[in-house]
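Please open the model in your viewer and keep the sequence panel beside it. The tour below moves from whole chains to single residues, with something to select at each stop.

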2 protein chains.
Amino acid sequence: MYNPLFLPEIREMLAENSVAELRECCTALHPARTAEFMEGLTAEETWRVLQHADEATRVEIFHYFELPKQIEIVETQPQEEVAGLITKLASDDRVDLLNEVDHEIVERLLPLLPSEERRDILHLRSYPEGTAGAVMTTAFAKLAETLTIRQAFDELQHQAEGLETIYYVYIVDDQDTLRGLVSARQLVSHMGRPETKLKDVMETGLVTAEVDDDQEEVAQKVARYDLLAIPVVDMQRRMLGIITYDDVIDVVREEATEDAHRSAAVAPLEESYLTTSLITLWWKRGMWLSILFLAALMTAFSLSVYQKNLEQWAWLTIFIPMVISSGGNMGNQSATLVITGMTSGDIRVTDWLRVVRRECVMGMMLGSVLGLMGLIAGCVMSEEARQPSAMLVIPLTVMSVIVCGSLTGAMLPLLFKRMGLDPALMSNPFVAGVMDILGIFIYMNVAYLFLAGY
Amino acid sequence: MYNPLFLPEIREMLAENSVAELRECCTALHPARTAEFMEGLTAEETWRVLQHADEATRVEIFHYFELPKQIEIVETQPQEEVAGLITKLASDDRVDLLNEVDHEIVERLLPLLPSEERRDILHLRSYPEGTAGAVMTTAFAKLAETLTIRQAFDELQHQAEGLETIYYVYIVDDQDTLRGLVSARQLVSHMGRPETKLKDVMETGLVTAEVDDDQEEVAQKVARYDLLAIPVVDMQRRMLGIITYDDVIDVVREEATEDAHRSAAVAPLEESYLTTSLITLWWKRGMWLSILFLAALMTAFSLSVYQKNLEQWAWLTIFIPMVISSGGNMGNQSATLVITGMTSGDIRVTDWLRVVRRECVMGMMLGSVLGLMGLIAGCVMSEEARQPSAMLVIPLTVMSVIVCGSLTGAMLPLLFKRMGLDPALMSNPFVAGVMDILGIFIYMNVAYLFLAGY
């Protein structure tokens with residue numbers, strides 16, 4: 001898979017217009033690798049190189065470009081040529097792309113497309129982002145249930161070219177209602193009996209997705225049932241499209257990244273970190289940082305309420321960050337375990353009592369260990385904490401904060417889910433912020449309880 | 001897809017031994033759903049129900065059980081029958097299962113398996129977990145390059161039954177070296193020319209995985225190139241197995257969950273949250289909580305160093321949690337953006353300078369906003385912070401802490417990656433812990449700078 005081509009050489013070929021070499025450069029490698037090698041070219045250079053590939057290869061290479069590059073090409077290159085390319089793109093990718101392209105350019109491109117493709121685009125664009133409808137492709141293999149195996153093979157040879165997959169062939173009646181599925185594998189193993197009717201070999205009772213299902217749920221279904229593709233149907237079970245395994249892999253990766261960003265209080269990015277503009281990043285991070293800062297103001301407020309106590313027992317101060325961070329850490333662990341459990345379908349909202357019980361026990365088990373560590377730490381670090389009257393302040397605070405952290409961390413995402421919100425909004429910094437405030441409250445009250453009498 | 005069967009009814013059928021009903025109950029639904037409905041049965045009841053399914057369905061239903069249930073069945077049910085089932089499982093699933101089953105039972109089961117399956121298991125078990133070798137299946141469609149299209153169809157009809165996918169057919173020479181690939185789709189579209197040789201239609205220059213590649217990298221490749229399956233080869237490019245899209249979806253989900261757990265400082269769990277034993281959870285959470293607690297002790301230590309200052313300017317105390325949490329929040333954002341960027345391949349270690357530059361600018365942009373908020377907060381909350389001499393302490397501290405947080409959060413994962421460690425080990429609580437200590441240091445020094453003169 002070694003490739004001797006570099007950007008300057010491609011540029012030289014363009015300058016010299018060496019057709020044979022440019023053609024070689026488009027076809028020598030897997031289209032995905034070719035796309036990588038062309039990363040550094042401008043939109044115009046890229047487009048000129050692509051003219052030397054046959055149409056199918058051009059479409060394939062284009063498919064592997066990063067979205068910003070695709071957008072730039074569509075927005076700047078000759079519109080008749082671009083329209084030809086767009087016609088050949090997979091129907092789901094085409095819509096994702098056009099959704100990002102400048103609105104006016106799309107308006108000028110659409111009339112240049114064949115009417116069937118234009119209708120398809122307008123139709124798919126009407127589904128909201130994040131739903132099955134927006135991810136599906138409308139190019140799938142579809143046969144009537146009355147055909148025989150032999151007829152099916154003939155038909156597939158004609159259909160094969162424009163389709164994303166022919167490995168699942170969907171069987172429909174004359175109203176386009178989904179009746180069943182015949183896999184290419186079944187077709188092959190029935191080749192010996194070419195007169196068998198499809199309806200006699202098809203699988204029924206298929207797993208389907210509805211067109212407005214959430215893409216994350218659809219991805220879960222495909223993963224659960226190990227499907228190559230899932231049919232997307234409307235309320236009348238009419239076939240609208242399919243979602244294939246490669247789109248599911250993308251959805252799973254996309255959602256995982258989004259969840260990770262949310263868990264660190266960053267509003268999900270649409271592009272990669274390095275290509276997102278600084279202003280967008282500033283807004284997506286700053287919004288949450290500011291909210292968290294305002295929440296953190298509450299800690300200053302609570303501490304100012306207890307300022308008298310802190311002046312009287314100054315040694316309490318040095319343990320504040322330690323005590324409140326234990327609560328935050330415990331809360332993060334619980335929240336993350338519950339959120340990932342819900343994402344993978346292991347924990348349902350109805351399991352809340354089991355979760356609470358487990359977290360209670362876990363809080364006490366871990367609280368005892370950390371409480372003991374707190375006891376030792378307190379005695380070592382501060383003379384005052386060593387007094388019999390004060391000795392229990394740190395360990396009891398740590399224990400209570402840990403138990404409280406485990407319950408808060410576990411309950412907040414369940415509560416969010418129950419209220420119909422995304423539990424992943426319960427970001428780690430948010431849980432930590434709540435625990436900071438609760439921690440100060442617990443700390444000051446435990447301290448007052450033990451120390452006020454003396 | 002409505003199912004009228006419930007556990008008590010299944011139990012009644014078992015008690016009455018109603019063969020027809022039990023058979024119906026095994027075959028009426030998709031095997032994955034049947035497996036869900038049998039969730040509540042004991043291992044013995046499950047096994048008795050499964051006896052009423054034909055062999056292929058039994059294997060399919062079993063495949064969809066959760067791992068703990070599979071293990072229980074294998075460990076408790078009659079070994080001859082279990083051995084029959086294991087023979088029919090997909091070769092990768094089989095190994096995953098046997099790796100979890102009690103060692104002695106595996107030793108007794110292995111001799112009961114046909115020698116080919118036994119060798120296959122021993123062979124696959126020799127690959128370390130997390131590598132391509134451990135995820136691959138050895139059952140793939142393989143044809144000699146000298147065959148014609150017609151011969152290929154004949155051959156595939158025989159091979160089809162035991163294989164996980166026939167949609168990619170791998171073409172090998174007589175040393176088993178991988179030469180190319182013919183997709184089922186290409187076979188179908190060449191049906192009209194049955195005498196064409198496979199070597200004349202096969203694709204070459206395939207994307208492959210080596211047997212000891214990391215499973216995460218392999219998953220990235222499959223996603224990048226939109227593959228249905230990726231061939232796994234040894235150093236001599238001999239075909240050892242394939243990894244199919246459904247295993248890739250599982251790997252992506254598994255790794256995302258592991259990363260989420262790590263980011264909240266929980267050692268990755270092997271099972272789901274609800275089925276993991278409390279002792280295991282206690283250990284996997286406690287270990288990290290204790291490490292973080294010890295790190296947090298450092299904050300107590302630093303504060304005790306500055307205790308004199310804090311007694312002199314007591315008003316500084318109430319802003320401690322707010323100031324240090326801003327640094328932690330910013331650090332978490334940066335660390336998560338860099339880690340997810342590296343996971344998805346958008347950020348490489350060589351991009352470190354670009355990342356640092358971006359984070360510097362971002363730190364200053366966000367630092368100014370939060371510094372301003374800090375200025376207002378300080379003036380509102382505390383009379384002392386309103387004095388001209390002290391007014392800049394909070395805003396300048398917040399700004400420095402934010403800039404410092406963005407750099408620390410971005411550099412730590414890059415550094416870990418550079419040292420060959422998993423950047424996801426750079427958990428959010430760990431970054432927050434580091435920022436707590438740094439935050440206190442910055443706060444106390446900025447304060448001293450402004451206040452000591454008066």
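What share of the contacts in chain A with a separation of 6 or more comes from residues 24 or more positions apart? The share is 72%, and it belongs, like every value on this tour, to a predicted model.

**Stop one: chain A as a whole**

Select chain A and colour by secondary structure, where 22 helices and six strands should appear. Turn the chain along its principal axes, and the C-alpha atoms will be seen to fill a box of roughly 95 × 60 × 40 Å. The radius of gyration of chain A is 30 Å, whereas a compact globule of 454 residues would have one near 22 Å. Of the 454 residues in chain A, 44% count as buried.

**Stop two: the two copies**

Now show chain B as well and superpose it on chain A, which takes a turn of 180 degrees with a shift of 0.0 Å along the axis and leaves an RMSD of 0.1 Å. The two copies are thus related as by a two-fold rotation axis. If you then select the interface residues of chain B, 100% of them are also interface residues in chain A, so the copies meet through the same surface.

**Stop three: a helix pair across the chains**

Select helix 22 of chain A, residues 428-451, together with helix 19 of chain B, residues 320-343; these pack at an angle of about 165 degrees, and their axes are 11 Å apart. That angle makes helix 22 of chain A roughly antiparallel to helix 19 of chain B, and the crossing of the two is right-handed. To display the contact itself, pick A:Asn428, A:Pro429, A:Gly433 and A:Asp436 on helix 22 of chain A, and B:Pro321, B:Ser325, B:Asn329 and B:Asn332 on helix 19 of chain B.

**Stop four: a helix pair inside chain B**

Move to helix 8 (residues 91-100) and helix 10 (residues 115-125) of chain B, which pack at an angle of about 70 degrees with their axes 10 Å apart. Helix 8 of chain B and helix 10 of chain B are therefore roughly perpendicular to each other, and their crossing is right-handed. Helix 8 of chain B contributes B:Ser91, B:Arg94, B:Val95, B:Leu98 and B:Asn99 to the contact, while helix 10 of chain B contributes B:Asp120, B:Ile121, B:Leu124 and B:Arg125.

Centre the view on B:Val95, which has its place in helix 8 of chain B. Is B:Val95 buried or exposed? With 25 C-beta neighbours inside 10 Å, B:Val95 counts as buried, since 20 or more are required. Apart from neighbours within four places in sequence, B:Val95 is in contact with B:Ile121, B:Leu124 and B:Arg125. A C-alpha to C-alpha distance drawn from B:Val95 to B:Val135 should read 9.0 Å, although the two are 40 residues apart in sequence.

**Stop five: two residues with positive phi**

Most residues other than glycine have a negative phi. Select B:Asn17, in the loop between helix 1 (7-16) and helix 2 (19-27) of chain B, where phi is near 50 degrees, a positive value. Then select B:Ala265, in the loop between helix 16 (245-263) and helix 17 (278-305) of chain B, where phi is positive too, near 60 degrees. Which of these settings is buried and which exposed? B:Asn17 is exposed, with 10 other C-beta atoms within 10 Å, whereas B:Ala265 counts as buried, with 26 C-beta neighbours inside 10 Å.

Key: Residues numbered from 1 in each chain as written. Chains lettered and ligands numbered in written order. Predicted model: local features only at pLDDT ≥ 70, side-chain atom pairs only at ≥ 80, totals over all residues. Helix = DSSP H or I, 4+ residues; strand = E, 2+ residues; numbered from the N terminus. Rg over C-alpha atoms; globule rule 2.2 N^0.38 Å. Buried ≥ 20, exposed ≤ 12 C-beta atoms within 10 Å, placed from the backbone. Contact = placed C-beta atoms within 7 Å. Least-squares fit on C-alpha atoms with pLDDT ≥ 70 in both. Axes fitted to C-alpha atoms, helices over the stretch in contact; angles between N-to-C directions. Parallel < 35°, antiparallel > 145°, perpendicular 65-115°, else oblique. Left-handed = near helix turned anticlockwise from the far one by under 90°.
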